[in-house]
Amino acid sequence: MTFASFTLAEWLALLQHELLLFAAIFFVIGAADELVVDFGWLWLWALGRCKAQQLGSQTTDDSALSGLAAVFIPAWQEAAVIGTTIRHALSVWPQPMLRIYVGCYRNDLATIAAVIEAANGDQRLRLVIHDVAGPSTKADCLNRLYTALEVDERRSGKCAHMVVLHDAEDMVDDAGLTLLDRAICSADLAQLPVLPQPQPRSRWIGSHYCEEFAEAHGKAMVLRDAMGTGLPSAGVGCAISRPTLALLATERRGGTPFAADCLTEDYELGLSIAEMGGRTRFVRARHADGRLVATRACFPHELRAAVRQKTRWVLGIAFQGWDRLGWKGSVAERWMRLRDRRGPFTALVLAAAYTLLVLAGGTALLGLLGFGAAIEISPLLRLLLIINFASFLWRTTFRFAFTAHEYGVTEGLRAILRIPVTNIIAIMAGRRALASYLASLAGVAPVWDKTAHDAHPARHALPERRKALI
């Protein structure tokens, strides 16, 4: 039989078989990669090295700092949330050695006004106006804040002890600043976990970040820390020692530490510090009531915004990371970089799998009409499918366990039901990231394609928090 004699049904059957084989093989490879991480984490757990530090019942938010802590918050069109972030941070971090630098753009008067109102005369806040029209990149705004810090240090004659990075929509933790201060005394970069907040108005899109960060910051980052590989900074709840930041500034063109032409400067920052021989630490701790010490935030609740955000991550980490950072370090380090950059290929494999589902539906319909052609499954393909099914059960178990541990059983079950949504967002983001990368090769400069924020997890907690402080 020649290909020319194939019927439409036979062509569809052939295409299904090839897509099934392609997806099955690479899902097995991905499953093997995840299995190594899972067993690595289980080994650490068995040794007791995964256990989070337990804080005492006495609060640590009034503990003295080792030196000046400069918190950098870049802001572009964040009038809806920046005020809440500032008021909450100033209330739960009462240390006099705290300085919060908020970077605004000269053409963003609404955000500037919101910052001034939220400061309420607190001398620990510094409003820094960027001398360019926004938006540039987030890293460019951070560099402007770094320049402002240098000016303040020259005027006062005192250097900061550490620089802490946060975003305009973050809800900081009471104990976070103290923990970072202690960690940075023996490290060059310290990172707290990020804990996305479940969103009742967006159970399927906005809340899907919960399981992603629960696993990433409960398992993968813990393993990376134990292995001694570079930690990719999350850009929030992240502290860098002042000497390390100065060293980065001297090594970069322009005398500033953040890569202004990079969309994921936080990711690059952590790996760059590790490449210089700096020590990085992932800090996990829990309050006496069991709450994780983490940076809390509400992530995008609309499909388009979530895809845009994931696009920026994939573009910055997978494509720009490959170009800018290359493949350096030990075997373990290169393995972790490969895991970081697998996003585009994962999107391709997922797209093949979902295309297969559509084709299977079409073939089933043709079969009902009497035109179907059965797929012949070889023993090898059958074995791959069995392995993939077992892997899927294993992965869903881990996803449920990590999510339920932080958010409860109900959210853990939702995490399993959200798997198709997560996959579709990954496919859409991978396609957009590839298109953006090709555009950058043609000379299109990257811009801060930031997410719009209108929700803040601290809003309902602010009245209670103020009352407690009084």
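Buried here means under 20% relative accessible area. Keep that cut-off in mind on this tour of a predicted model.

**Stop 1: helix α2.** Select residues 82-92. This helix is mostly covered, with 10 of its 11 residues buried. Color these: I82, G83, T84, T85, I86, H88, A89, L90, S91 and V92.

**Stop 2: the largest nonpolar core.** Stay with I82 and I86, and add W93, I100, V102, M162 and L177. Among the 38 residues of the largest nonpolar core, these seven names touch the most other members. Now show the elements that give two or more residues to this core: strands β2 (69-74), β3 (98-105) and β5 (162-165), with helices α2 (82-92), α3 (109-119) and α5 (176-184). Nonpolar side chains tend to be buried together in soluble globular proteins.

**Stop 3: W93.** Center on W93 and leave aside neighbours within four places in sequence. What is W93 in contact with? The list is V71, L98, R124, H166, V172, D173, D174, G176 and L177.

**Stop 4: the second core.** Select A70, V128, L165 and L245. They are among the 23 residues of a second, separate core.

**Stop 5: α4 against α7.** L245 also leads to a helix pair: it lies in α7 and takes part in the contact with α4. Show α4 (residues 138-156) and α7 (residues 242-251); their axes come within 13 Å and cross at roughly 120°. That angle makes α4 oblique to α7. The crossing is left-handed. For the side chains, select Y146, L149, E150 and E153 in α4, then R242, L245, A246 and A249 in α7, where the two helices meet. Five of these contact residues are nonpolar, three are charged and none is polar.

Technical notes:
Residues are numbered from 1 along each chain as its sequence is written. This is a predicted model: local features need pLDDT of at least 70, side-chain atom pairs count only at pLDDT 80 or more; totals for chains, interfaces and linings use all residues. Side-chain values use heavy atoms; hydrogens and water are left out. Axes are lines fitted to C-alpha atoms, for helices over the stretch in contact, and angles run from 0 to 180 degrees between N-to-C directions. Helices (H or I, at least four residues) and strands (E, at least two) are DSSP runs, numbered from the N terminus. Angles under 35 degrees count as roughly parallel, over 145 as roughly antiparallel, 65 to 115 as roughly perpendicular and the rest as oblique. A crossing is left-handed if the near helix is turned anticlockwise from the far one by less than a right angle, and right-handed if clockwise. Contact means heavy atoms within 4.5 Å. Ala, Val, Leu, Ile, Met, Phe, Trp, Tyr, Cys and Pro count as nonpolar, Asp, Glu, Lys and Arg as charged, and the others, Gly among them, as polar. A nonpolar core is a set of buried Ala, Val, Leu, Ile, Met, Phe, Trp, Tyr and Cys residues joined through side-chain atoms within 4.5 Å. Buried means under 20% relative accessible area, exposed over 50%, partly exposed in between (1.4 Å probe, protein chains only).
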